[in-house]
Amino acid sequence: MADNTDKTGWSANLYNKNAPFVYSNAFTAPVLQMLSPQAGERIIDFGCGSGEVTLELEKIVKEKGGRVVGVDFSESMITQARARGLEHAYVADIQDLPDLPIGADIKFDAMFTNAALHWCKRDPRGVLRSAKRVLKPGGRIAGEMGGFMNCIGIRGALHKALKTRGYDAGAMDPWYFPSVEDYTDILRAESFEPIEVTLTPRVTALPAGVFGWLAVFVRPMILKDFSDEEAADIMKEVEETCRIDCQDSQGRWQMMYMRLRFSAVWKQ
């Protein structure tokens with residue numbers, strides 16, 4: 001299987017191999033229930049990844065003329081999504097969404113997002129402004145992202161490994177994990193009325209261990225400018241630090257995800 005890593009550091013193939021839990025039905029069903037998609041609706045998926053959940057949405061809405069559009073910052077992910085059959089899939093930065101080739105008059109009933117907004121550290125409010133650009137008046141948003149205490153333990157071990165080597169771990173860290181209060185504040189600041197904003201702990205199995213998780217989410221981003229040798233040393237150190245908390249007596253790896261789930265309505 002080709003690696004197909006793009007200039008953003010993402011590889012859809014590696015993502016599908018080491019992190020399929022991200023779009024598993026068990027983990028996405030509560031978010032889709034929160035969205036409550038209906039036949040005939042137009043829905044845009046912010047950070048659609050390789051398109052698995054987006055295609056499930058399309059099955060629901062395509063009756064009565066509904067449409068789903070997926071956008072993602074990664075060309076590798078969009079290529080994979082199109083190969084899976086997602087016709088309307090585009091490379092775009094959801095923090096500053098450009099005009100999409102779908103017709104300027106098309107507005108969406110809802111914006112959906114799963115496991116994407118915690119990568120939008122540069123401008124979290126920009127995501128909400130982008131949503132307002134494409135939503136109908138009174139449109140809704142629903143999604144899930146990493147929240148306060150997400151990746152607890154692993155993130156701290158990574159910061160320590162970087163700091164002991166003289167690096168500015170805070171500046172290198174690409175993640176935005178807000179608390180309930182943090183995200184409620186920015187929703188209201190961008191004229192969204194929160195319906196639900198909660199933190200949900202989720203024990204997540206790591207089929208490729210902590211090292212495999214780091215290979216997908218850390219090596220191409222935080223450690224992108226490191227040599228293979230130094231990156232591997234850091235990743236091995238993080239895995240060893242986390243072994244006591246993240247590996248059970250039978251050798252199975254798990255980590256704690258803390259998911260921020262939210263739904264809101266745009267109040268013009």
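Let me start with the pair E144 and R261, which form a salt bridge in this predicted model. The closest nitrogen and oxygen atoms of the two residues are 2.7 Å apart. E144 belongs to strand β5, residues 135–146, and R261 to strand β7, residues 254–266, so this salt bridge ties together parts that are 117 residues apart in sequence. Are the two partners buried or exposed? E144 has a relative accessibility of 1% and therefore counts as buried, the limit being under 20%. R261, at 16%, counts as buried too.

That pair is part of a wider count, which comes to 18 salt bridges. I would like to turn next to a group of them around E190.

Which residues does E190 pair with? One partner is R125, with the closest N and O atoms 2.8 Å apart. The two residues come from distant parts of the chain: R125 sits in helix α5, residues 124–134, whereas E190 sits in the loop between α8 (180–189) and β6 (192–205), and 65 residues separate them. Another partner is K132, and here the N to O distance is 2.8 Å. K132 is also in helix α5, so its salt bridge with the loop residue E190 ties together parts that are 58 residues apart in sequence.

The surroundings of these three residues can be stated as well. E190 is buried, because its relative accessible area is 5%. K132 is also buried, with a value of 19%. R125 has a relative accessibility of 36% and therefore counts as partly exposed. Taken together, D123, R125, R129, K132 and E190 are linked in a network of salt bridges.

Now consider an acidic residue without such a partner. D72 is located in strand β2, which covers residues 67–72. Where is the nearest side chain of opposite charge? It belongs to R82 and is 11 Å away; D72 is buried yet has no salt bridge. The side chain of D72 does have a polar atom 2.9 Å from the backbone nitrogen of S74. Leaving aside residues up to four places away in sequence, D72 touches G47, C48, G49, M77, I78, Y90, V91 and A92.

S74 leads us to helix α4, residues 75–83. At the start of this helix, a side-chain oxygen of S74 comes to within 3.2 Å of the backbone nitrogen of S76. Within α4, the residues S76, M77, I78, Q80 and A81 are buried. Just after the helix, G85 adopts a positive phi of about 115°.

A second aspartate deserves attention, namely D45 in strand β1, residues 42–46. Its relative accessibility is 2%, and D45 therefore counts as buried. What does the side chain of D45 meet in a polar contact? The answer is the side chain of T54, at 2.8 Å. T54 also appears among the residues that D45 touches, together with V69, G70, V71, F112 and T113, again not counting residues up to four places away in sequence.

I move on to the packing of two helices. Such a pair is described by the angle between the axes and the distance between them. Here, helix α6 (residues 154–163) and helix α10 (residues 228–246) pack at an angle of about 145°, and their axes are 9 Å apart. The crossing of α6 and α10 is right-handed. On the α6 side, the contact is made by I154, A157, L158, A161 and L162; on the α10 side, by I234, E237, V238, T241, C242 and C246. The spacing of such residues has a general background: an α-helix has 3.6 residues a turn, so residues three or four places apart point the same way.

Finally, I draw your attention to two backbone angles. Which phi does S36 have? The phi of S36 is positive, about 55°, although this residue is not a glycine. S36 is found in the loop between α2 (25–35) and β1, and it is partly exposed, with a relative accessible area of 36%. K64 likewise is not a glycine, and has a positive phi of about 65°. K64 lies in the loop between α3 (52–61) and β2. At 76% relative accessibility, K64 counts as exposed, because the limit for that class is over 50%.

Note on methods: Residues are numbered from 1 along each chain as its sequence is written. This is a predicted model: local features need pLDDT of at least 70, side-chain atom pairs count only at pLDDT 80 or more; totals for chains, interfaces and linings use all residues. Side-chain values use heavy atoms; hydrogens and water are left out. Helices (H or I, at least four residues) and strands (E, at least two) are DSSP runs, numbered from the N terminus. Buried means under 20% relative accessible area, exposed over 50%, partly exposed in between (1.4 Å probe, protein chains only). Lys and Arg count as positive and Asp and Glu as negative; His and the chain ends are not counted. A salt bridge is a side-chain nitrogen of Lys or Arg within 4 Å of a carboxyl oxygen of Asp or Glu. A polar contact is a pair of N or O atoms within 3.5 Å; within protein, one must be able to donate a hydrogen and the other to accept it, and residues adjacent in sequence count only if both atoms are side-chain atoms. Contact means heavy atoms within 4.5 Å. Axes are lines fitted to C-alpha atoms, for helices over the stretch in contact, and angles run from 0 to 180 degrees between N-to-C directions. A crossing is left-handed if the near helix is turned anticlockwise from the far one by less than a right angle, and right-handed if clockwise.
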